[in-house]
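Here is a walk through one chain, from its overall build to a single side chain. Have the viewer open as you read.

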Amino acid sequence: MRRLASLGELTGGIAHDLRNILAIVDSGLRLAERKADQPESVRAYIAAAREGVERGVELISQLLAFANRRELDLQMRDLNACVSSSAPFLRYGAGPGVRLGFELGSDIPSCLIDPTMLEAAVLNLVLNARDAMPGGGEISIGTERLVETDSVSGRPGPETYAVLRVKDQGCGMTQDVLEKVLDPFFTTKGEDGTGMGLVQVRAFMQMVGGDLRIASEPGTGTTVDLLFPCTDATA
C-alpha cells in the first residue's frame with residue numbers, strides 16, 4: 001500500500017514538474033524575442049528552450065510508463081556525473097538572479113537512480129530554493145558519502161548512502177511550516193504553488209528505497225538532503 005501511495009504521489013507530481021519545465025521554455029522564448037537583434041543570444045536561448053522541451057518529453061514518457069504499470073528506469077549510476085550533466089539546465093532554471101554553486105564530494109558510492117526523475121527532483125528543489133530568495137542569493141548543490149549506524153530503511157546498520165544536498169540562503173521556515181511541508185497540496189506560495197513539489201520528491205526517494213530530510217530556520221535558509229542507499233557491492 002505504501003508503494004502504491006508513493007506511485008500515486010509521484011505521478012501527480014509529474015504534472016508539477018512539467019509545469020516547471022514549460023515555465024523555463026517560456027522564459028527562454030521570451031528572452032529570445034527581446035534579443036531578436038542579437039543572433040548569438042537568440043540561438044543560446046532557443047537551444048535552452050529546446051533542451052527544456054526534450055526534458056518535458058522524457059517526463060511525459062515517465063507518466064506513460066507509470067500508466068502502463070512499468071517500473072522506474074533504475075540504473076546504477078555515479079551521482080556526481082548525474083548532477084554535473086544537469087548543471088546547465090539547473091542554472092537556467094534558477095534564473096539570472098541566483099548563483100548556483102556545486103560542491104561535489106569525492107568517494108561518492110554509486111547507487112540506483114532513475115536519471116530523468118532525479119533531474120526532475122533536483123529541479124524542484126532548485127526552484128523552491130529560488131522562490132525562497134526573491135532578492136537573489138546562492139543555491140549550493142553538493143554530494144557526500146554518509147555512513148549511518150541507525151539505518152532509515154530499517155535494515156541493520158551501518159548503512160552507506162550517497163547524499164545529494166540542496167541548500168539555500170532564503171527566508172527559511174518555522175517549525176510549524178516545516179511539519180506540514182511534505183503534506184500533499186500544502187504550499188506557502190499561494191495561488192502560484194501546487195503543494196506537490198516536495199511530495200513528488202519524497203515519493204521518488206521512497207520508491208528507490210531512500211529518504212528525504214529537511215532542515216530549516218527562519219532567516220537562515222533551508223537544506224534538503226536526498227539519501228540514496230548503496231548496495232554492499234558499491235559501498
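Two strands count as paired if DSSP finds at least two bridges between them. With that in hand, we can look at this predicted model and find Lys 167, whose bridge partner in strand 7 is Thr 223. Lys 167 also serves as the bridge partner of Ser 140 in strand 5. One residue thus leads us to two of the pairings in the sheet: strand 4 with strand 5, and strand 5 with strand 7.

**The sheet**

The sheet is open and has five strands in the order 2-4-5-7-6, with mixed pairing. Strand 2 (98–104) and strand 6 (211–217) stand at the edges with a single partner strand each, so one side of each has no neighbour in the sheet. From one strand to the next, the twist averages 20 degrees. Three of the pairings are set out here.

| Strands | Sense | Bridges |
|---|---|---|
| Strand 4 and strand 5 | antiparallel | 10 bridges |
| Strand 5 and strand 7 | antiparallel | seven bridges |
| Strand 6 and strand 7 | antiparallel | seven bridges |

For the last row, a handy pair to click on is Ser 216 and its bridge partner in strand 7, Thr 222. As for strand 5, eight of its 10 residues are buried, so the rest of the structure largely encloses this strand.

**Helices across the sheet**

Two helices can be followed against these strands. Helix 3 (residues 79–94) lies across strand 2, strand 4 (137–148), strand 5 (159–168) and strand 7, and runs at about 175 degrees to strand 2. Helix 4 lies across strand 2, strand 4, strand 5 and strand 7 as well, running at about 130 degrees to strand 4.

**The core**

Which residues have the most contacts inside the largest nonpolar core? They are Leu 118, Ile 141, Leu 164, Leu 226 and Phe 228, in a core of 43 residues. Helix 4 (residues 115–131) gives the most to this core, with nine residues. If you select Leu 226, its contacts beyond four places in sequence include Leu 125, Ala 162, Val 163, Leu 164, Val 201 and Met 205. Asp 211 and Leu 212 are also among the residues that Leu 226 touches.

**A closer look at Thr 143**

Is Thr 143, a residue of strand 4, buried or exposed? Its relative accessible area is 7%, and because buried means under 20%, Thr 143 counts as buried. The side chain of Thr 143 makes a polar contact of 2.6 Å with that of Asn 80. Others that Thr 143 touches, beyond four places in sequence, include Leu 79, Val 83, Glu 103, Ile 108 and Leu 164.

**The whole chain and its confidence**

Stepping back, the chain holds six helices and seven strands, which run α-α-β-α-β-β-α-β-β-α-α-β-β from the N terminus on. Of its 235 residues, 44% count as buried. Among contacts between residues at least 6 apart in sequence, 73% join residues at least 24 apart.

Before you set anything up on this model, here is how confidence is spread. The mean pLDDT of the chain is 79, with 73% of residues at 70 or more. Confidence is highest in strand 7, at 95, and lowest in helix 1 (residues 2–34), at a mean of 64. Over residues 1–8, pLDDT stays under 50, and the model has eight contacts beyond four places in sequence for that stretch.

Conventions:
Residues are numbered from 1 along each chain as its sequence is written. This is a predicted model: local features need pLDDT of at least 70, side-chain atom pairs count only at pLDDT 80 or more; totals for chains, interfaces and linings use all residues. Side-chain values use heavy atoms; hydrogens and water are left out. A nonpolar core is a set of buried Ala, Val, Leu, Ile, Met, Phe, Trp, Tyr and Cys residues joined through side-chain atoms within 4.5 Å. Buried means under 20% relative accessible area, exposed over 50%, partly exposed in between (1.4 Å probe, protein chains only). Helices (H or I, at least four residues) and strands (E, at least two) are DSSP runs, numbered from the N terminus. Contact means heavy atoms within 4.5 Å. Axes are lines fitted to C-alpha atoms, for helices over the stretch in contact, and angles run from 0 to 180 degrees between N-to-C directions. pLDDT is the predictor's confidence in each residue, from 0 to 100. A polar contact is a pair of N or O atoms within 3.5 Å; within protein, one must be able to donate a hydrogen and the other to accept it, and residues adjacent in sequence count only if both atoms are side-chain atoms.
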